[in-house]
Amino acid sequence: MTEEYCPHHQDRNQLVKRIAIAIVGLLIVCAIVVLLVWAILHPSKPRFLLQDVTIYAFNLSTAPHLLTSNLQITLAARNPNSRIGISYRKLDIFASYRNQQITLPTLLPTTYQGHRDFTIWSPFLYGNDVPVAPFLQAGLSADMNGGLVMLDIKVFGHVKWKVGSWISRRYQINVHCPAYISFSDRIKGFQVGSAMKYQLLQTCRVDISL
């Protein structure tokens with residue numbers, strides 16, 4: 001017994017194939033357009049500037065080896081792109097000394113920057129009785145006695161690029177801002193109540209990765 005030929009069934013299969021091909025073709029064209037736009041616009045990394053650091057406490061004890069550091073920083077970020085927006089998400093900021101974290105991370109608010117826009121954050125960073133390794137305690141004590149301590153203000157989080165209604169995938173952003181804190185007259189600060197404020201205007205290193 002042979003199967004009967006059905007022209008309507010065949011036409012329907014052809015229609016389904018054509019629709020599928022059209023959808024795939026449309027997706028390919030959209031992907032090519034996005035890649036071309038991305039390649040032409042070529043987004044630049046955001047630029048960060050550590051404007052100042054205010055020290056409320058920076059005390060080192062030797063037995064046991066504990067560090068208390070309470071400070072407020074002013075950090076500026078600028079979007080240098082004229083056609084691309086930047087969205088900052090889950091940005092944590094903290095201070096470190098010789099790669100050891102000495103304050104708790106502070107979460108910065110989710111922020112969107114339009115074309116050539118800029119943002120200023122002024123978070124407080126707290127680290128009370130943070131244990132430090134003996135060799136770090138010795139190095140920090142020597143730096144403080146020498147009158148100059150270099151801290152590293154670090155920012156870790158995610159960014160997304162926005163072109164029109166299109167939003168990119170999530171990228172990781174790492175920011176490193178050297179902060180030179182003076183315990184002598186080598187870098188002069190000025191009194192703010194019981195704290196010392198240092199105007200730094202220090203350019204930060206910014207790394208973007210997948």
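## A tour starting from I153

Select I153: leaving aside residues up to four places away in sequence, this residue touches L50, L71, I73, I93, F94, A95, L125, V175, H176, C177 and A179, where contact means heavy atoms within 4.5 Å. The model is a predicted one, in which local features need pLDDT of at least 70 and side-chain atom pairs count only at pLDDT 80 or more, while totals for chains, interfaces and linings use all residues. Residues are numbered from 1 along each chain as its sequence is written, and side-chain values use heavy atoms, with hydrogens and water left out.

I153 lies in strand β9; strands (E, at least two residues) and helices (H or I, at least four) are DSSP runs, numbered from the N terminus. Its relative accessible area is 0%, so I153 counts as buried (buried is under 20%, exposed over 50%, partly exposed in between; 1.4 Å probe, protein chains only). Now add L50, which is 103 residues from I153 along the chain; the two C-alpha atoms are separated by 8.5 Å.

Next, select I73. Among its contacts, not counting residues up to four places away in sequence, are L50, D52, V53, I93, W121 and I153.

**The core**

Widen the selection to F48, L50, V53, F58, I73, L75 and I153: in the largest nonpolar core, which has 42 residues, these touch the most other members. Such a core is a set of buried Ala, Val, Leu, Ile, Met, Phe, Trp, Tyr and Cys residues joined through side-chain atoms within 4.5 Å. To see where the members come from, colour β1 (47-61), β2 (66-78), β3 (85-97), α2 (134-146), β9 (148-163), β11 (171-182) and β13 (195-203), the elements that give two or more residues to this core. β9 gives the most, with seven residues. In soluble globular proteins, nonpolar side chains tend to be buried together.

**From R98 to Q100**

Select R98 and D143, whose side chains meet in a salt bridge with an N to O distance of 3.4 Å (a side-chain nitrogen of Lys or Arg within 4 Å of a carboxyl oxygen of Asp or Glu). R98 is in the loop between β3 and β4 and D143 in helix α2, so the pair ties together parts 45 residues apart in sequence.

Go on to Q100, in strand β4 (residues 100-101). A polar atom of the Q100 side chain lies 2.8 Å from the backbone oxygen of P131. Beyond four places in sequence, Q100 touches A95, P131, V132, A133 and L136.

The structure holds two salt bridges. For the one between D207 and R205, the closest N and O atoms are 3.3 Å apart. D207 is partly exposed at 31% relative accessibility, and R205 is partly exposed at 47%.

**A surface patch**

Turn to helix α1 (residues 7-41), which contains I19. L15, I19, I23 and L27 make a nonpolar surface patch of about 400 Å². Patches consist of residues with over 30% relative accessible area and no salt bridge; like charges are joined within 9 Å, and nonpolar side chains (Val, Leu, Ile, Met, Phe, Trp, Tyr) within 5 Å. I19 has a relative accessible area of 45% and is partly exposed.

**The whole chain**

Finally, show everything: the protein chain has two helices and 14 strands. Of its 210 residues, 38% are buried. About 12,600 Å² is exposed, 59% of it supplied by carbon and sulfur atoms; accessible areas come from the Shrake-Rupley method with a 1.4 Å probe, and for residues only the protein chains shown count as cover. Of contacts between residues at least 6 apart in sequence, 73% join residues at least 24 apart.

Methods
Polar contact = N/O pair within 3.5 Å; in protein donor to acceptor, adjacent residues only side chain to side chain.
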